[in-house]
Amino acid sequence: MTEGNGHEPLLRAEGLATHYTTADGVLDRLLGRGETVRAVDGVDLEIRAGETVGLVGESGCGKTTLGRTLVGLREPTAGSVTYRGTELTVCDRAELRELRSEIQYVFQDPLASLNPQLTVAESIGEALSVHDIVPADRRTERVRELLETVDLHAHHATRYPHELSGGQRQRVGIARALAVEPDLIVCDEPVSALDVSVQAEILNLLSDLQDRFGLAYLLITHDLSVVEHLADRVAVMYLGRLVETGTTAEVFAEPSHPYTEALLSAIPEPDPCWDGDRIVLEGTVPSPIDIPAGCRFHPRCPNVIPPAEYDLAVDEFRAVLSLRTRLSEIDADAGLEALLPHADDRAVAVDPAAIRDAHDIPRRLSDPDADADLEDALETVAAGDLSSARKLLASAFETPCETTEPALEPGPATHPIACHRFDDRFVDDTDTDAATESVGSTDK
């Protein structure tokens, strides 16, 4: 892998946002109907010449939308994208078309990205023709050279996409991107649609091409093992925003955002005897239509910060917060039994003890004041007044993670992490040290 040259970034995004509406037709959009999806919601990102930046996160976090916005396939709602000093968001169609020869995109599904009615030679030759890269009488030779560059043979030029394997189709997609001699390629999940046996071949090919041509990559993936193999730097994305950035070594070895820690724990371990802890996050990624206040990750965070007025262990508070989340989700018509997910068809007494047991809340919290406040709320639930119970729990067990959005900035680690556990305003020195030890302990 080639290290960044430390000079002005090849591409820079600042405050980049891409929102769209769920409105179906033109009239709905004109009348302001539909809901706003905040797919990308304020991202700062830099890619330097010759380096690979890995963009990681779960499905639905906005990775692909960000990648397509960076190359002009989607129009941003706000912010800027600058390539070699040129602001892409103000370029006209002709200027963008000219820049297409310098910025290319390799799509996740190689079959869907290739025209089924064109042969391999025609697909690659189309890029050569549109951008007038080589004279018409040399295009056949150039196509052959490009196929050899991606470890295919001349006879593949006459085949159609359905006649190729998944790995061969992805190689064609890479060859088509290389045809215009770009400086930057956005690779959107380039191996996720391929067999495991082929994935390593494609990743090694990308690495070899980078060394040979000095390419820069934005590697979009949900698989941190892919990032570990290829990337110089990592940007971790959650619900439209970056929550951690840094060199690959920093992100893998030093204190990490709790979301990054969960992703790291999910990397497959080849040792069958490995008995390390795998972090299973509660729930799913919230909708980008209804983004949680404060830290966007707090509804699922296993290390959410307890209220300052209580002396509670993190796992105790996490259980109480999970109960709060469940209370906010259930409908009054569903009945109180909805709070007891393991109840069967028999009549079940919904009392404070049963609710504690169902949500893994200790029969006595370590802080007596917190336990008294919780018991008041649980008795209100058992009495059937869910609205008042929600208010009691929200008032007594409010966390700074749900009220204040964390900034993406260096803390105990040298690289930026958007997490209140590394902010002196919300934790004391002892808590910070404990968080550092806890979050940095994902050795496998």
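The following questions and answers cover the cores, the aromatic contacts and one serine of a predicted model.

This is a predicted model in which local features need pLDDT of at least 70 and side-chain atom pairs count only at pLDDT 80 or more, while totals for chains, interfaces and linings use all residues. Residues are numbered from 1 along each chain as its sequence is written, and side-chain values use heavy atoms, with hydrogens and water left out.

Reader: Which helix gives the most residues to the largest nonpolar core?
Author: A nonpolar core is a set of buried Ala, Val, Leu, Ile, Met, Phe, Trp, Tyr and Cys residues joined through side-chain atoms within 4.5 Å; buried means under 20% relative accessible area, exposed over 50%, partly exposed in between (1.4 Å probe, protein chains only). The largest one has 51 residues, and Tyr-259, Leu-323 and Val-381 are among those with the most contacts inside it. Elements that each supply at least two residues include strand S9 (233–238), helix H12 (314–329) and helix H14 (368–382); helices (H or I, at least four residues) and strands (E, at least two) are DSSP runs, numbered from the N terminus. The most, six residues, comes from H12.

Reader: How many residues does the second, separate core have?
Author: This core includes Leu-146, Val-150, Leu-203 and Leu-205. Its number of residues is 36.

Reader: What geometry does the pair of Tyr-238 and Phe-297 have?
Author: Rings of Phe, Tyr and Trp (its six-membered ring) pair if their centres lie within 6.5 Å; planes under 30 degrees apart count as stacked, over 60 as edge-to-face and the rest as tilted. Tyr-238 lies in strand S9 and Phe-297 in the loop between H11 and H12, 59 residues apart, and both are buried. Their ring centres are 5.1 Å apart and the planes are at 80°, so the pair is edge-to-face.

Reader: Which residue joins Tyr-238 and Phe-297 in one aromatic cluster?
Author: A search of the whole structure finds five aromatic pairs. The cluster that holds Tyr-238 and Phe-297 also contains Tyr-259.

Reader: Which side chain makes a polar contact with the side chain of Ser-366?
Author: Ser-366 is in the loop between helix H13 (352–358) and H14, partly exposed at a relative accessible area of 49%. A polar contact is a pair of N or O atoms within 3.5 Å; within protein, one must be able to donate a hydrogen and the other to accept it, and residues adjacent in sequence count only if both atoms are side-chain atoms. The Ser-366 side chain reaches the backbone oxygen of Asp-311 at 3.3 Å. Its side-chain partner, at 2.6 Å, is Glu-316.
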